[in-house]
Protein chains: 2
Amino acid sequence: MPDTVLNERALKLLKTLVQRYIRDGQPVGSRTLSRESALEVSPATIRNIMADLEELGLVSSPHTSAGRVPTAAGLRVFVDTLVTVKPLQKKIAAEIANGLSETGESSQALVTTASKLLSQVTHLAGVVTVPRRTHGQLRQIEFLQLSDNRVLAIIVVNAREVQNRILKLDRSYTESELRQAANYLTDQFAGNDVSDVRSKLLGELKQARESMNEMMLNAISMAQRAFEKGETEDDFVMAGKTNLLDFAELSSVDTLRQLFEVFNRKRDILHLLDQCTKAEGVQIFIGKESGYEPLDECSVVTAPYTVDDEVVGVLGVIGPTRMAYERVIPIVDVTAKLLGQALKMP
Amino acid sequence: MPDTVLNERALKLLKTLVQRYIRDGQPVGSRTLSRESALEVSPATIRNIMADLEELGLVSSPHTSAGRVPTAAGLRVFVDTLVTVKPLQKKIAAEIANGLSETGESSQALVTTASKLLSQVTHLAGVVTVPRRTHGQLRQIEFLQLSDNRVLAIIVVNAREVQNRILKLDRSYTESELRQAANYLTDQFAGNDVSDVRSKLLGELKQARESMNEMMLNAISMAQRAFEKGETEDDFVMAGKTNLLDFAELSSVDTLRQLFEVFNRKRDILHLLDQCTKAEGVQIFIGKESGYEPLDECSVVTAPYTVDDEVVGVLGVIGPTRMAYERVIPIVDVTAKLLGQALKMP
DNA sequence: ATTAGCACTCTCCCGTGGAGACTGCCAATG
DNA sequence: CATTGGCAGTCTCCACGGGAGAGTGCTAAT
């Protein structure tokens, strides 16, 4: 036994073991390891070290006479301290940058593109949460009469987002009533932070119920309805689920079934992604660390993306625990940065 | 050999064979068939008849000593002449009706719900094309200034559909210019069939280029841009892909991969669905009849749905060839009718 | 501490040999 | 002459077993 159990040599071996395992997904034997690692040691020595690593819970053997496979803990050590992030290929960086710049206006489209790019470049499943701009500036409110009692509210935020919402009202309004209401509201609230608008509306309504004329009251109550449930349900997009079919270790139909089910339910995944807004920079969940049973055999690599220094969403990829972290990490990293930039542009 | 080769008894046997095969997906032997069918004949007789049916290409045996399995041709005969459609369970009809009536306003939402209902009720994959109303009445056009040179066009059709489109223009317009343009266009074209508007715009522009004032010219050219590319890309929705994972015969990971890929590409499927708008009533494609290799082991059951006697879209389900046609056919049928009704409502 | 050698273990891949399920054919039957 | 019972033949499925290959753990030597 060496001075400290996890000495440099052991770590170097762990690193090559993980790299090899990631490459072809099979247990790595001592002979292979002795050839692969630059270290000049015999297989026998490696076997000893492996026994140590196994005791520490960093590797394990599927059965007596197979090589070793890194455990989740082993992978964690790898990504935390051993991984040497490959410099991003220019070609790939360009692919992402182009993809995003070629995409048109709406932030929804940008998010979808980002997700597709991630999946395309990493050959994993890409996920991106829809940006939730807590500090957007309300630009304009407009109402259109659709039919009796039904009014279309259009809310423009930040010169980019456009939200439609159909309101059913208790009576019908004339066109000029609607125009007046819209003008009043736009005058009153344009430039306000959109997260404040709702509470201000409530305050306004309560504070001055009697001092206002009917028109204003109507306008405010309509606006309230329009701002209700501001979150849309479609709050993240995902591309490349089929890439997961490529990996042998996920290919039991049952595992796949579970996986696809989770992606359909969305909520669980979203919760997981939400946690990532707190940290900054790339974050990695390996296996059970995600806390969701169906993802036990998956890793998730995420990074928050920002607009004007404010975190507005998270993106990342989901794949088997044996994904190519060295490649994936920088990809997720720059995609987050580029998406942030793309969203900022006018 | 009987009078005519495909006599009544042979057909009855084919029917029970198909039913049995659909039920549990395994080859059916002569003994089973003799018990199952109400016919009082011995297995030996049945073996003779089976030999005949095999010669006709309606059944086949996977190997010498397995029972018989219906071929695609056999299934075709079954659905064309033998199937006795089960009366739709009230519970299911109610489920669909409720599901649709509880869904809110937008036709997009209705379509998604319909797709989900189909998949939920049949345990297959549900598909619905987005309604393409060729004869919708234009109700209103509105323009909103977003930022310099960027204008949001809002087109209201039929008191239900709302389309947004962002236009990049060569100069910026004042609010009143936009309002005038919108008013002019709404006056001019409201009530027109939306499919005519574009051509009328063109005509108007050409015919009277000099006689118009600049405002009108601007209005018309803006409107033209707004009506370009009227089709959205997201032209059908699909729910319940995961249901396909349930069926043993589709569960080779490779088959599944192909299948999911097809659903992602969308275009091929859409083409297939488009063909179904021509026929009326329920239409069935068995195996290769669909013409798409990845669907070789699948059947597609579709029905067009109508609004005001005009076919506006197609819905249906996709599943393995051995799907429960007797149950699925009426479900697809009523869903089409109910969706049509739901879309018609104000 | 490292290494070579060796016995041991476990998987994977065949080939083998019933057991079970049907068929196809033939001869008997009404 | 259609139908039936009987019977041999065929094919799958599964369990068993043995040999090859890979890799380990232990021990004794360096």
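Helix 3 of chain A, spanning residues 43-55, contributes the most to the surface near DNA strand C, supplying four residues. In this predicted model, helix 3 of chain B, residues 43-55, likewise gives the most to the surface near DNA strand D, with four residues. The points below take each strand in turn and then the domains of chain A.

**Surface near DNA strand C**

- DNA strand C is surrounded by 20 residues, of which R9(A), T45(A), T64(A), S30(B) and S65(B) come nearest.
- By class, the surface near DNA strand C consists of 11 polar, five charged and four nonpolar residues.
- Sugar or phosphate accounts for 73% of the atoms of DNA strand C within 4 Å of the protein, and the rest belong to bases.

**Polar contacts to DNA strand C**

- At the phosphates, a polar side-chain atom of S30(B) is placed 2.5 Å from a phosphate oxygen of DNA strand C.
- S42(A) approaches a phosphate oxygen of DNA strand C through its backbone, with an N or O atom at 3.2 Å.
- At the bases, R47(A) has a polar side-chain atom 3.2 Å from a base oxygen of DNA strand C.
- R47(A) also falls within the residue range 43-55 of helix 3 of chain A.

**Surface near DNA strand D**

- Around DNA strand D there are 20 residues, and those that come nearest are S30(A), S65(A), R9(B), T45(B) and T64(B).
- Of the atoms of DNA strand D that come within 4 Å of the protein, 78% are from sugar and phosphate.
- The surface near DNA strand D is made up of 11 polar, five charged and four nonpolar residues.

**Polar contacts to DNA strand D**

- The side chain of S30(A) has an N or O atom 2.6 Å from a phosphate oxygen of DNA strand D.
- For R9(B), a side-chain N or O atom lies 2.6 Å from a phosphate oxygen of DNA strand D.
- A base oxygen of DNA strand D is 3.1 Å from a polar side-chain atom of R47(B).
- R47(B) falls within the residue range 43-55 of helix 3 of chain B.

**Domains of chain A**

- Chain A is divided into domain 1 (8-82), domain 2 (90-132 + 233-344) and domain 3 (138-227).
- Helix 3 of chain A, at residues 43-55, lies within the bounds of domain 1, 8-82.
- Between the C-alpha centres of domain 1 of chain A and domain 3 of chain A there is a distance of 64 Å.

Terms used: Residues numbered from 1 in each chain as written. Chains lettered and ligands numbered in written order. Predicted model: local features only at pLDDT ≥ 70, side-chain atom pairs only at ≥ 80, totals over all residues. Heavy atoms only, no water. Near = heavy atom within 4 Å. Polar contact = N/O pair within 3.5 Å; in protein donor to acceptor, adjacent residues only side chain to side chain. Helix = DSSP H or I, 4+ residues; strand = E, 2+ residues; numbered from the N terminus. Nonpolar A, V, L, I, M, F, W, Y, C, P; charged D, E, K, R; others polar. Domains from an automatic or database assignment.
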